[in-house]
Amino acid sequence: MNASDNERGPPSSDFSKDLGERLDNAPADERVYRTALELYTPTRVVEVAERADCSKNSARRHLRRLADIGVLTRVTENPETFKRNESYFEWRRLNRLSELDDDEYRDRLGELLSEDEVYRETYDVETPDEIDPLEYGEYGDAENVWLDLNNWAAIRREIRDLRRSRQDNPVDEGVA
């Protein structure tokens with residue numbers, strides 16, 4: 001079986017090439033926005049302009065607009081630097097989760113709680129934080145244990161976020 005036959009494997013098309021071609025044809029504001037999504041550390045306007053392939057003035061204008069609407073935070077003024085506003089992205093994620101209809105919400109939460117239960121039974125602990133990744137030996141291959149622990153932590157975050165999106169109390173029931 002090759003990777004394209006596996007539904008969990010990478011797609012057969014070159015996603016990065018397709019994305020690169022789409023970005024090359026996108027207007028400057030779109031290129032700056034896509035660049036802005038990757039600003040995890042304070043980044044100067046000139047660097048954003050280079051990455052978005054536009055002038056400094058154009059990058060500055062779009063970055064300021066994104067800061068005005070809350071997508072970015074202006075970190076310094078001279079030189080002007082920006083970074084992602086993580087609160088905005090968290091709010092946006094919770095907002096999207098709150099738009100699930102009741103059936104979708106219950107189904108998704110049920111799936112996640114089941115997966116959480118499987119991990120608790122597999123590792124015989126309540127949370128992934130209770131396992132020392134350096135003492136994985138009793139659970140098997142180090143890479144698989146590491147992947148399991150990361151996936152389990154992501155599942156627990158999604159359960160909390162789903163419940164937060166509905167202001168469902170208690171937020172940590174079944175996840176504590």
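**Close-up views of a predicted model**

**View 1. The sheet is open and has three strands in the order β1-β3-β2, with antiparallel pairing.** Strands (DSSP E runs of at least two residues) and helices (DSSP H or I runs of at least four residues) are numbered from the N terminus. Two strands count as paired if DSSP finds at least two bridges between them. β1 (43-44) and β2 (72-77) are the edge strands, each with a single partner, so one side of each has no neighbour in the sheet. The model is predicted: local features need pLDDT of at least 70, side-chain atom pairs count only at pLDDT 80 or more, and totals for chains, interfaces and linings use all residues. Residues are numbered from 1 along each chain as its sequence is written, and side-chain values use heavy atoms, with hydrogens and water left out.

**View 2. Strand β3 (residues 80-84) pairs with β1 in the antiparallel sense over two bridges, and with β2 in the antiparallel sense over five bridges.** On the β1 side, R44 has T81 of β3 as its bridge partner. On the β2 side, L72 is bridged to R84 of β3. β2 and β3 form a hairpin with two residues between them. P79 lies in the loop of this hairpin, between β2 and β3, and the peptide bond from N78 to P79 is cis, with omega near 5°.

**View 3. Helix α3 (residues 45-52) and helix α4 (residues 56-68) have axes that come within 8 Å and cross at roughly 105°.** The two helices are therefore roughly perpendicular to each other, a class that covers angles of 65 to 115 degrees. Axes are lines fitted to C-alpha atoms, for helices over the stretch in contact, and angles run from 0 to 180 degrees between N-to-C directions. The contact (heavy atoms within 4.5 Å) is made by V45, V46, V48 and A49 of α3 and by K56, A59, R60 and L63 of α4. Its residues divide into six nonpolar, no polar and two charged. Here Ala, Val, Leu, Ile, Met, Phe, Trp, Tyr, Cys and Pro count as nonpolar, Asp, Glu, Lys and Arg as charged, and the others, Gly among them, as polar.

**View 4. Helix α5 (residues 86-98) has four buried residues listed here: Y88, F89, L94 and L97.** Buried means under 20% relative accessible area, exposed over 50%, and partly exposed in between, with a 1.4 Å probe and protein chains only. The buried residues of α5 pack against β3 and α7 (142-166). The 13 residues of α5 should span 18 Å at 1.5 Å a residue, and the end C-alpha atoms are 18 Å apart, which agrees; the expected span is 1.5 Å times one less than the number of residues. S87 also lies in α5, but counts as exposed at 53% relative accessibility. The C-alpha atoms of S87 and V71 are separated by 8.8 Å, with the two residues 16 apart along the chain.

**View 5. Helix α7 has 25 residues and reaches 37 Å from its first C-alpha to its last, close to the 36 Å expected at 1.5 Å a residue.** Its buried residues include V145, L149, W152, I155 and R156. The buried residues of α7 pack against α5 and α6 (102-123).

**View 6. D53 lies in the loop between α3 and α4, and D124 in the loop between α6 and α7.** Phi of D53 is near 55°, a positive value in a residue other than glycine. Phi of D124 is likewise positive, near 55°. D53 is exposed, with a relative accessible area of 63%, and D124 counts as exposed at 69% relative accessibility.

Terms used. Angles under 35 degrees count as roughly parallel, over 145 as roughly antiparallel, 65 to 115 as roughly perpendicular and the rest as oblique.
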